[in-house]
Amino acid sequence: MRRVSYTAAFAFLSAACIAAAAEHAVTGADEVRYRINRTGAGLDIQIIGAGIDRPGQAVFVALGTNPDSGSALIPPSVGKEGSAVWLPFQADLLLVSRREPRSQGETYLRRWNMTQWGPREQAAEAFTVSVEPAQVRLKIPEKLLGDAKSLKLAVFLKDFGADEGRGRLYGALDAATPSGPGERTIRHYIAVEHGPDGAVFRRSGRVPPDAPKTRIYQMLPRLFGNTNETRKPNGTILENGTGKFSDMNEAALAALREAGYTHLWLTGVLQQATATDYSEVGEPADDPDLLKGIAGSPYAIRDYFDVSPDYADDPAKRLAEFKDLIARLKAKGMKVLIDFVPNHVARSYHSTIRPELSFGARDDRTKFFDPKNNFFYLTGAVEARGDGPPLRLPTVDADGNPTSPTLLAGVAGGDGLFDGEKEFGRVTGNDAITWAPGVNTWYETVKLNYGYDFTDPEKATRHYPHGDKPDLPLPDTWKKMDEVITYWQGLGVDGFRADMAHMVPQEFWRWLIGRSRARDAGVCWVAEAYEDDDAKVPVGDPQAREVIGAGVMLGLLDAGFDAVYDDPAYDALKRVYEEGGMANDLDALPRRDFLFDNSLRYAENHDEVRLASAAEWGGHGMDVGRPVSALLFGLSRGPVMIYHGQEVGEPAEGVEGFGGDDARTSIFDYWSMPEFVKWVNGGKFDGGGLSDRQKALQDFYRRLLRALDQPAFRDGDFFPLNPDNLDNKAYGRMDDGISGRWLYSYLRHDPASGQRVLVVVNLNPTETMRNVRIQFPRRALAFLGWEVLAGSKIVPVVARDLLGDVPGEIAEITTNPAEMEKPGFPIKELQPMTAAYYELKTPARVPPASR
């Protein structure tokens, strides 16, 4: 038996360990100890701790036996009321043993039935529980575990005499944290794997501890390698050029790997509708009325099973060239993400690679909604706006004169009509039910039907497996989309960024992601989603609605996504520079730990404006990205993302074509990025053309990404300091008399490694903060595990900056716990738009006399 101490609540046991009994002992929070033993007969779990046998106590065991089914959420009604619990894996079995004050209590189990937790089942034969003084023992037979190749196990206790009857969660090896009203989040489990010498135990979580922090580089191949500097607005591919898969050469990939990226999101590689003619390889140009831009929108997909011929040196061999790129990326140790656009497709969609899986071929076009259809049709019971047919697109005026930038650029053949929809019409991708979609709609796309009638959200018509109806048939669209994901996984794609994921039912996501994980347990799923979008599909499981309500972000995480977009924090920081917002506003955002921990953070992406734009972010230039990125990226365990060009201050100036002059680098046009081209430097990717200021910015991002892979950021916890410094006059207060207007600070702490980091950011674009004091309340010292040091003036605390973005005289600071409390952690000066990641250390052993 190997005895270790961990801050985790779970054990993962490999089926390979069954032959040889493997026992694992751990001691966790509240002095509760566990002994876990697996033999061929099943699991034997012994829980030892003072008072755990008292009435009102309950033992919970959550098991993950099926990699493609389960839930990360135990709602109150499932766990015999009490608080909701978020788990670090999707469980499909829940075992509960509860001691009642005046009875023997009850023992029961629940099974996940594909769409929700099933009813309670009496557990007398399923598993046995024995109670002795200060000890509870559970024996779970192998037949309950099925033929699972691996298991995930969570054990925790609740005292239902506490926390206003919700039950104080204790005994987990993590100290479970409040995630919201009546919620608790448990972050880690123990992984037990079969090694050459028997069972090997290790601490794990939603992201394994030996996995690096996910750092994503978003790049559009059309732009990445294109060094053509013609940049004619609305230029063709021959005039303005385009990037190729082959541009991502050895030098490019080596530079990206050295910069610290773990994943490359190859944006827009799927074949989209375009004005460029590839008839010679069977891919003719699209009707110009369907196009936004001559190159076309990357999110108007024409074939889910193909890549854009634009990116191939030989368009006939485009898939082979894409597979070669994947191989080159993996050889560099990076993973590949591509877009998955589930909500809509181009109006011209037809797969030449898998024609039998094209959408709509067998649809009944007389019905607006039918779960067997792939599309929604402008006929039937729903009254569509406008006269029709035919469908009329907003590309010409009433007299037939072109109004679309694409037609105005000289692309011939536009008449406001589409031959494919002259006798029938379909709903647009953004749910517009009209024969004449407006110019601001997604008129170039059509919405896909997942068996959910979006026209009646109150009724929420769901014709697919959901809630207490798990046996409803799978809609045809679900099956076709699974074929899409299977196909790309087979080509070596490691993960997917799901476009507008909130517009698709969460039950579909749970089913699809589960199936993808059955093929590759490590597949990465990131959701672009927005809580404030009225087009969101609410949670269908009534049990989950107890906790999640009408929101979608937590629902998407529960469905299996690794991370969801953190749009609110991005917006709050942008308001600091443009709308009189404050850094303090970040603490006013709703914070639910499970969502906070698993959010993707970014300061740029293709939908958002450039940091360096003169018209955005207060016009302060590229260096505003330093404090903004350092603040956002360090907040939680979740992934971070940088958009190509951000690291060299790409400003997105001027009119490009359909994209206009909107402070975004166009995704619709053939174009190149003038500042980024200086880094590409003719394919050398050495930054030979960059200015010293740009090189310094690029180096900052490299250092930031490396620092983020430290344990405190990769697997630590968060404590905000602004709320406790609002009355602190030395907390970066300027002439406006507001502490926390421009200064934001927080702590990151990983108990397992002991690493502690103080993040300090001066967001002010022009003013240096001098003689800053950051006060640490006693709760902050306790968060750091230093409560025994409170008030000490003897024990030194040495702070060293991990980022290297501050001058040498403040790169290392020595203080003590008493000073950290009051007057506060001292920083002599903090220059404009800078950040510091101070690693805090004390002597390894603090003798009692030191206090």
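At what angle do helix H11 and H13 pack, and how far apart are their axes? Helix H11 (residues 567-578) packs against H13 at an angle of about 150°, and the two axes are 11 Å apart.

Before going on, a word on the model: it is predicted, so local features need pLDDT of at least 70 and side-chain atom pairs count only at pLDDT 80 or more, while totals for chains, interfaces and linings use all residues. Residues are numbered from 1 along each chain as its sequence is written, and side-chain values use heavy atoms, with hydrogens and water left out.

## Helices around H13

Helices (H or I, at least four residues) and strands (E, at least two) are DSSP runs, numbered from the N terminus. Axes are lines fitted to C-alpha atoms, for helices over the stretch in contact, and angles run from 0 to 180 degrees between N-to-C directions. Angles under 35 degrees count as roughly parallel, over 145 as roughly antiparallel, 65 to 115 as roughly perpendicular and the rest as oblique. H11 and H13 are therefore roughly antiparallel to each other.

Their crossing is right-handed; that word applies if the near helix is turned clockwise from the far one by less than a right angle, and left-handed if anticlockwise. On the H11 side, Ala-569, Tyr-570, Leu-573 and Tyr-577 meet Pro-627, Val-628, Leu-631 and Leu-632 of H13.

H13 has another partner in helix H15 (residues 692-707), packed at an angle of about 10° with the axes 11 Å apart. That makes H13 roughly parallel to H15. Here Gly-625, Arg-626, Ser-629, Ala-630 and Phe-633 of H13 meet Ala-696, Leu-697, Phe-700, Tyr-701 and Leu-704 of H15.

## The sheet beside H13

An open sheet of 6 strands follows the order S34-S35-S36-S41-S38-S39, with antiparallel pairing. Two strands pair if DSSP finds at least two bridges between them. At the edges are strand S34 (717-720) and strand S39 (812-815), each pairing on one side only. From one strand to the next, the twist averages 25°. Helix H13 (residues 625-633) packs on this sheet and touches strand S35 (743-750), S36 and S41, its direction making about 40° with that of S41.

Strand S41 (residues 834-841) pairs in the antiparallel sense with strand S36 (residues 755-762) over 6 bridges. Across this pairing, Leu-758 stands opposite Tyr-838, and Val-761 stands opposite Ala-835. S41 also runs antiparallel to S38, joined by 4 bridges, with Val-798 opposite Lys-841. S41 is mostly covered, with 7 of its 8 residues buried. Buried means under 20% relative accessible area, exposed over 50%, and partly exposed in between (1.4 Å probe, protein chains only).

## The cores

A nonpolar core is a set of buried Ala, Val, Leu, Ile, Met, Phe, Trp, Tyr and Cys residues joined through side-chain atoms within 4.5 Å. The largest one has 198 residues, and those touching the most other members are Tyr-304, Trp-488, Trp-509, Phe-776, Phe-825, Tyr-838 and Leu-840. A second, separate core of 27 residues includes Tyr-34, Ile-36, Ile-52 and Phe-127.

Contact means heavy atoms within 4.5 Å. Leaving aside neighbours within four places in sequence, Phe-825 is in contact with residues including Leu-758, Phe-776, Tyr-838 and Leu-840.

## Loops and backbone details

Four loop residues can be set side by side:

| Residue | Loop | Relative accessible area |
|---|---|---|
| Ile-794 | between helix H17 (778-783) and strand S38 (797-801) | 60%, exposed |
| Thr-768 | between S36 and strand S37 (769-774) | 22%, partly exposed |
| Ala-134 | between strand S12 (128-132) and strand S13 (135-141) | 27%, partly exposed |
| Trp-617 | between strand S32 (599-602) and H13 | 0%, buried |

Ile-794 and Asn-816 are 22 residues apart along the chain, with 6.9 Å between their C-alpha atoms. Leaving aside neighbours within four places in sequence, Thr-768 is in contact with Asn-762, Glu-829, Leu-830, Gln-831 and Pro-832.

Most residues other than glycine have a negative phi, and most peptide bonds are trans. Phi is positive in Ala-134, near 60°, and also in Trp-617, near 55°. The peptide bond from Lys-822 to Pro-823 is cis, with omega near 10°, and Pro-823 lies in helix H19 (residues 817-824).
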